[in-house]
Amino acid sequence: MSVEKLATEKTAAAKPRQIGRRAAKPLRQAAFLIGTYFSGSTLLGNCLNAHPSIFFAGEIDRLEAFRREPDWTHRRERGCRLCSTQAEHDCPAWPSEFIEKIRALDDISAYRAVIERNEAPILLDGSKRIDWLNSLYDSGLKSNVKAIICTRTPFSFAKSSDGGALRLSPMAAAASWRDFYLHTLRSLAGRGIPSLVVRYEDFAFRPEPSIRRVCEFLNIPFDPAMLTYWQVPSHAVGGNGGAYLRDPNFTPSALDKAEEWKINYFSNKPFGGWIEDKWIYGLTDEAVRQIMSVPMLNDVASLFGYDLAWFLMERTRILTENKLRQAAQALTAQGPASHVKAA
Ligand SMILES: [Zn+2]
């Protein structure tokens, strides 16, 4: 009998016991969404939340139990965003006695308590920060950890970063985009954490293929409920208010003042078929040149599957077509009378 055959028999004999153990205690996974602001992570998280094996917990690192120091850039949260706007209602996912209990623990013990409390086998953490994942991993959260890297082009990131409290110049935005994603790749590779990239542009235009890839990555079957994710209530902490507009528990008070425009913007948009074009009209030629002048930006973007030159060509094509169309409309509006006048 060959060595391989013996080994196979050994494995086969060992299997039923392993299956028995797993059935008694389902394997828990922690999956982390990692990305900059505006990378579409809240939308992806809400979408995956509709899968029966996944609980999207949102920005766990914003819970008061973890973020003990006051921080002017981030509001600390007591629980999920939607339930906290309905005062009389205690959130079933983050009940106050649980939040109180974990407040006394150190971060890794509190985090393990969150994973254990979770009924779905996969806890999806939408904190987005790679340093949050690094610190949990380095304190012992080493097994069954995966990262889903959410990206959006540096052009869109620069356009979205030109307002609000953290206003950044196009060049500063592009440099921070580059630094964030390089740090992410280095951190994940150094620790051997498996990762998958989800580009917002692909996901927002055709959601299903991106979601299928995520399911394969997490070893769970695809579930079509994710394509109508707003029918499953979300109990996520923090996140982009615009991504909750369809939730059955949504009330406009869940939005920050600065987010109120989103009610009209998203109200009639179907899910999918979204083309990311705000940057095309919103960034000047000078801003685009500044972004492209940031050293190594193109190299880092290419590691995430972006061809920035293609995006620039598309921008030129769309803007040129627009100009031609406007010129043609202006001519039609003037009509033949103007020719007579000119003659
Ligand atoms: Zn809730």
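How many bridges join strand 2 to strand 3, and do they run parallel or antiparallel? The exercises below concern a predicted model.

**Exercise 1. Describe the pairing of strand 2 with strand 3, and then place both strands in the sheet.**

Step 1. Strand 2 and strand 3 are joined by four bridges and run parallel. In this pairing, Gly58 stands opposite Asp125 of strand 3.

Step 2. Strand 3 is also joined to strand 1 (residues 29-34), through five bridges, and these two strands run parallel as well. Gln29 has Ile122 as its bridge partner in strand 3, and Ala31 has Leu124.

Step 3. The whole sheet is open and consists of five strands in the order 2-3-1-4-5, with parallel pairing. Strand 2 (54-58) and strand 5 (195-199) each have a single partner strand and stand at the edges, so one side of each lacks a neighbour in the sheet. From one strand to the next, the twist averages 25 degrees.

**Exercise 2. Determine whether strands 2 and 3 are buried or exposed, treating each face separately.**

Step 1. The criterion for a buried residue is 20 or more other C-beta atoms within 10 Å of its own.

Step 2. In strand 3, seven of the seven residues are buried, so this strand is largely enclosed by the rest of the structure. One side carries Ile122, Leu124, Gly126 and Lys128, the other Leu123, Asp125 and Ser127, and both faces are covered.

Step 3. In strand 2, five of the five residues are buried. Ile54, Phe56 and Gly58 are buried on one side, and Phe55 and Ala57 on the other.

**Exercise 3. Identify the residues that touch the most other members of the largest nonpolar core, and examine the surroundings of Ala57.**

Step 1. The largest nonpolar core has 51 residues, of which Ile34, Ala57, Leu124 and Ile148 touch the most other members.

Step 2. With residues up to four places away in sequence left out, Ala57 touches Val114, Leu123, Leu124, Asp125, Gly126, Ala236 and Val237.

Step 3. Another core, of 20 residues, lies apart from the largest one; Phe180, Val288, Ala301 and Phe311 are among its members.

**Exercise 4. Characterise the packing of helix 7 against helix 12.**

Step 1. The geometry is considered before the residues. Helix 7 (residues 170-191) and helix 12 (residues 285-292) have axes 8 Å apart and pack at an angle of about 35 degrees. The crossing of helix 7 past helix 12 is right-handed.

Step 2. From helix 7, Pro170, Met171 and Ala174 meet Ala287, Gln290 and Ile291 of helix 12. Classified by type, this contact comprises five nonpolar residues, one polar residue and no charged residues.

**Exercise 5. Which strands does helix 9 lie across, and what is found in the loop between helix 9 and helix 10?**

Step 1. Helix 9 (residues 207-218) lies across strand 1, strand 3, strand 4 (145-151) and strand 5. Relative to strand 5, helix 9 runs at about 170 degrees.

Step 2. Asn219 is in the loop between helix 9 and helix 10 (262-267). Although Asn219 is not a glycine, its phi is positive, at about 60 degrees. Asn219 counts as exposed because it has 12 C-beta neighbours inside 10 Å.

**Exercise 6. Compare the settings of Phe38, helix 2 and Glu119.**

Step 1. Phe38 is located in the loop between strand 1 and helix 2. Phe38, not a glycine, has a positive phi of about 60 degrees. Phe38 is partly exposed, as 17 other C-beta atoms lie within 10 Å.

Step 2. In helix 2 (residues 41-49), nine of the nine residues are buried, so the helix is largely enclosed by the rest of the structure. These buried residues include Ser41, Thr42, Asn46 and Asn49, along with Leu43, Leu44 and Leu48.

Step 3. Glu119 occupies the loop between helix 4 (107-117) and strand 3. Glu119 is exposed, because 8 other C-beta atoms lie within 10 Å. The C-alpha atoms of Glu119 and Ser53 are 8.6 Å apart in space, while the two residues are 66 apart in sequence.

**Exercise 7. Summarise the chain as a whole.**

Step 1. The chain contains 14 helices and five strands. Of its 343 residues, 34% count as buried.

Step 2. Among contacts in the chain with a separation of 6 or more, 75% come from residues 24 or more positions apart.

Notes
Residues numbered from 1 in each chain as written. Predicted model: local features only at pLDDT ≥ 70, side-chain atom pairs only at ≥ 80, totals over all residues. Pairing = 2+ DSSP bridges. Axes fitted to C-alpha atoms, helices over the stretch in contact; angles between N-to-C directions. Contact = placed C-beta atoms within 7 Å. Left-handed = near helix turned anticlockwise from the far one by under 90°. Nonpolar A, V, L, I, M, F, W, Y, C, P; charged D, E, K, R; others polar. Core = buried A, V, L, I, M, F, W, Y, C linked by C-beta atoms within 7 Å.
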